[in-house]
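Reader: I would like a close look at one part of this model, with the backbone set out carefully and related places brought in where they help.

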Amino acid sequence: MKEPTSQQLDNALSILRQNKDSKLLTHLNSCVHCGLCGTSCMYYLTTDDPKMMPAYKVDIVASIYRRYCTKFGKLFPAWVKAREINEYTIEEMIDALFGSCTMCGRCVKHCSIGVDIPFIVRTGRMMLAALDCVPDSLQATVNAAMETGNNMAIPTPEFVDTIQWMEEELQDELNDPEAKIPLDAPNKRLLYTLNPREPKFFPLSISAVAKIFYAAKESWTISTAMYDITNYAFFSGDNKKAGIIAQRLKDEVKKMGCDTLVLGECGHGSRAVRWEAPNWLGIKFDFKTLNLVELLGNYLREGRIKVDKSLNNQMFTIHDPCNISRNGGLVNELRFVINQCVENVVEMNPHGADSFCCGGGGGQLAMGEYNERRLKTGKLKADQIKATGAQVVITPCHNCVDQLMQLNATYKLGIKIKTVAEIVADALVIGN
Amino acid sequence: MNYFMYISYIALLFCITMCVLHFLRLVKLGAPKDLSEESGNVPAGVLYSNTVAMLPNHKESAYMHLPTFTAGAMFHIGTFLALFCFVLLFFKAVWGFFFQHELLSLLVALYMWFSVCCGKGLIIKRVISKKLRPISNADDYISVSLTALFQFATALLFTTFAFHDFFSSEVPGWIIIVYFVVSTLLFFYLPFGKLKHAVYYFAARYHLGFFYGRRGTWPPKSKC
Ligand code: SF4
Ligand code: SF4
């Protein structure tokens with residue numbers, strides 16, 4: 001680890017000194033160090049290490065704030081444990097803020113004060129980005145998106161091939177040569193986005209969505225230039241790059257002449273576009289953004305699709321992606337859609353806004369250096385799933401799907417993992 | 001005696017001024033200017049954050065840690081009661097206005113002794129808990145100790161008030177001096193250490209309600 005340059009230090013500290021509103025100042029000064037948040041965080045629960053407590057993660061950032069931004073901390077640093085930014089602090093920050101937090105926000109609603117822990121963690125990540133200390137693996141994912149337009153660097157011909165293959169599958173399944181997955185079709189109502197894991201590893205989830213759009217007689221398209229909903233710069237703490245990625249998506253909606261941007265099954269991507277991007281870009285979107293779960297809910301309410309829940313007759317459980325349920329307000333909408341499409345649902349305990357993260361959020365799946373820890377923290381979710389006795393776990397996030405599949409293999413759960421689109425597609429009644 | 005008393009009133013004035021300044025700074029910075037499309041209701045979220053979401057059965061920090069939570073809650077009530085008593089004594093000193101009741105004084109004193117025990121318990125927990133050590137600093141110990149001392153001094157004073165007239169010559173002078181010295185230290189210290197959460201707590205609850213209210217997570221909708 002190199003000592004930061006004075007320019008890098010200034011940039012990092014300017015993040016703590018920014019005063020666009022009272023949120024940062026509030027949360028940097030609120031923690032009373034009661035330590036009662038530990039038992040709300042999967043990292044602490046699965047390691048019993050005090051350094052995994054949410055309060056510790058907050059304090060690392062707050063201690064730097066005290067050292068450089070408060071008179072008391074400048075005069076009596078030892079008194080309030082005010083820390084200098086140096087190699088040792090940076091190393092601790094990387095491990096605590098990148099390696100030990102998925103920014104799931106579960107601790108926030110249980111904190112005795114109401115400290116927004118992931119907000120402070122992300123502030124710390126922004127400082128690390130300014131210090132050029134983002135873990136290489138995560139940075140590589142951001143760079144791939146910046147350079148190629150998607151975080152897995154899938155070449156466009158490969159993507160087009162996959163979509164065409166899925167289109168043929170769809171036509172066979174529906175026995176209709178007019179069933180399409182429209183690429184780059186202008187002036188459609190919806191621009192659909194997806195997680196690059198779908199064309200790479202789970203192409204069937206694309207044909208599931210296409211089947212639903214076919215049944216709903218939807219006017220839609222996918223852009224070959226900008227289909228990636230993910231935004232790993234949200235996790236790396238680089239607002240500039242996050243803004244560039246978001247701007248591209250916004251421009252694509254305009255270029256394609258669509259009314260609505262549909263946020264496909266990716267928790268953080270959905271959050272980044274829906275809730276964060278307007279603030280990175282400093283504008284209000286002049287088009288609508290809808291999470292796929294909301295769109296499916298609308299279809300079901302409006303009767304645009306018909307489903308038969310007896311077609312999904314196994315025992316199901318729901319995994320709430322943190323950025324869609326707790327941080328996205330879709331706890332009930334998710335259940336509305338699923339309850340229309342499956343016969344038996346058994347909830348995990350706890351679930352909904354209280355749900356535990358799968359352990360793969362916050363960019364953890366992109367950071368191979370923390371794999372062992374990620375699977376260890378995931379044990380909590382694995383135990384929850386096991387306790388339900390369900391055969392299938394439904395989740396509207398491909399990042400969660402990936403982590404759940406790894407938990408399935410590691411903890412021998414013997415379950416299937418499906419996305420919401422797949423479940424809805426399986427229950428569809430088309431024709432007659 | 002007057003000298004100590006007046007210094008403590010100056011300290012209280014200083015403390016209030018500093019807290020108001022902290023508060024005004026937050027007000028000046030204002031609410032988040034969020035440009036995303038709201039899908040919930042911020043006022044309802046803020047209301048929920050400051051009411052139902054604070055109930056012990058809604059927070060793991062409360063229902064999973066009942067002894068600590070209860071001790072903390074009792075200790076906070078003790079602090080507010082001690083501050084209330086301090087203000088009453090101020091009225092007595094400045095305007096001679098006071099309502100004296102031996103039994104009430106005794107009850108206040110008894111609660112204060114109980115609250116001091118709660119505070120002591122919290123300090124001991126911080127000292128012995130391996131979990132709390134990495135997140136603790138000198139300010140944590142000083143802040144709780146000063147508050148507990150303030151309650152201790154109040155307890156001492158009101159125990160004597162249960163048997164003697166306020167500030168009569170029968171009340172030992174040293175008790176009154178200790179009371180005002182400890183009060184002075186607490187009021188001068190409060191705006192700098194973690195005790196300033198007296199102001200920031202409300203701001204944190206506001207922001208929490210703003211965040212979850214705007215996104216439609218709070219207040220929770222009835223089940224579909
Ligand atoms: S529960 Fe909240 S106030 Fe208490 S230590 Fe944790 S973050 Fe800080
Ligand atoms: S945001 Fe989630 S992972 Fe991070 S400290 Fe809080 S509970 Fe733990």
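Where in chain A does Asn187(A) lie, that is, in the loop between which helix and which strand?

Author: In this predicted model, Asn187(A) sits in the loop of chain A that runs between helix H10 (156-174) and strand S1 (190-192). Its backbone deserves attention, for although Asn187(A) is not a glycine, it has a positive phi of about 55°. Most residues other than glycine have a negative phi, and most peptide bonds are trans. As to its surroundings, the relative accessible area of Asn187(A) is 62%, and since anything over 50% is classed as exposed, this residue is exposed.

A second residue of chain A can be described in a similar way. Lys412(A), which is not a glycine either, has a positive phi of about 50°, and it belongs to the loop between helix H20 (398-410) and strand S8 (416-418) of chain A. With a relative accessible area of 69%, Lys412(A) is exposed.

A positive phi also occurs in chain B, this time at a glycine: Gly216(B), with phi near 85°, follows helix H8 of that chain. The helix itself, residues 197-215, has 19 residues and should span 27 Å at 1.5 Å a residue, which agrees with the 26 Å between its end C-alpha atoms. Of those 19 residues, 16 are buried, and therefore H8(B) is largely enclosed by the rest of the structure.

The segment after H8 of chain B also holds Pro219(B), and the peptide bond that joins Trp218(B) to Pro219(B) is cis, with omega about -10°. Chain A offers a cis bond as well, from Asn349(A) to Pro350(A), where omega is near 0°; Pro350(A) is placed in the loop between strand S6 (344-345) and helix H18 (371-377) of that chain.

Turning from the backbone to side-chain charge, a patch of positive charge on the surface is formed by Arg17(A), Lys71(A), Lys74(A) and Arg25(B), and thus draws on chain A and chain B. One of its members, Lys74(A), lies in helix H5 (residues 71-75) of chain A, and at 49% relative accessibility that lysine counts as partly exposed, because the exposed class begins over 50%.

To return to the part you asked about, Asn187(A) is a loop residue between H10 and S1 of chain A, whose phi is positive and which is exposed.

Methods
Residues are numbered from 1 along each chain as its sequence is written. Chains are lettered from A and ligands numbered from 1 in the order in which they are written. This is a predicted model: local features need pLDDT of at least 70, side-chain atom pairs count only at pLDDT 80 or more; totals for chains, interfaces and linings use all residues. Side-chain values use heavy atoms; hydrogens and water are left out. Helices (H or I, at least four residues) and strands (E, at least two) are DSSP runs, numbered from the N terminus. The expected span of a helix is 1.5 Å times one less than its number of residues. Buried means under 20% relative accessible area, exposed over 50%, partly exposed in between (1.4 Å probe, protein chains only). Patches are made of residues with over 30% relative accessible area and no salt bridge: like charges are joined within 9 Å, nonpolar side chains (Val, Leu, Ile, Met, Phe, Trp, Tyr) within 5 Å. Accessible areas come from the Shrake-Rupley method with a 1.4 Å probe; for residues, only the protein chains shown count as cover. A salt bridge is a side-chain nitrogen of Lys or Arg within 4 Å of a carboxyl oxygen of Asp or Glu. Lys and Arg count as positive and Asp and Glu as negative; His and the chain ends are not counted. The place of a charge is taken as NZ of Lys, CZ of Arg, CG of Asp or CD of Glu.
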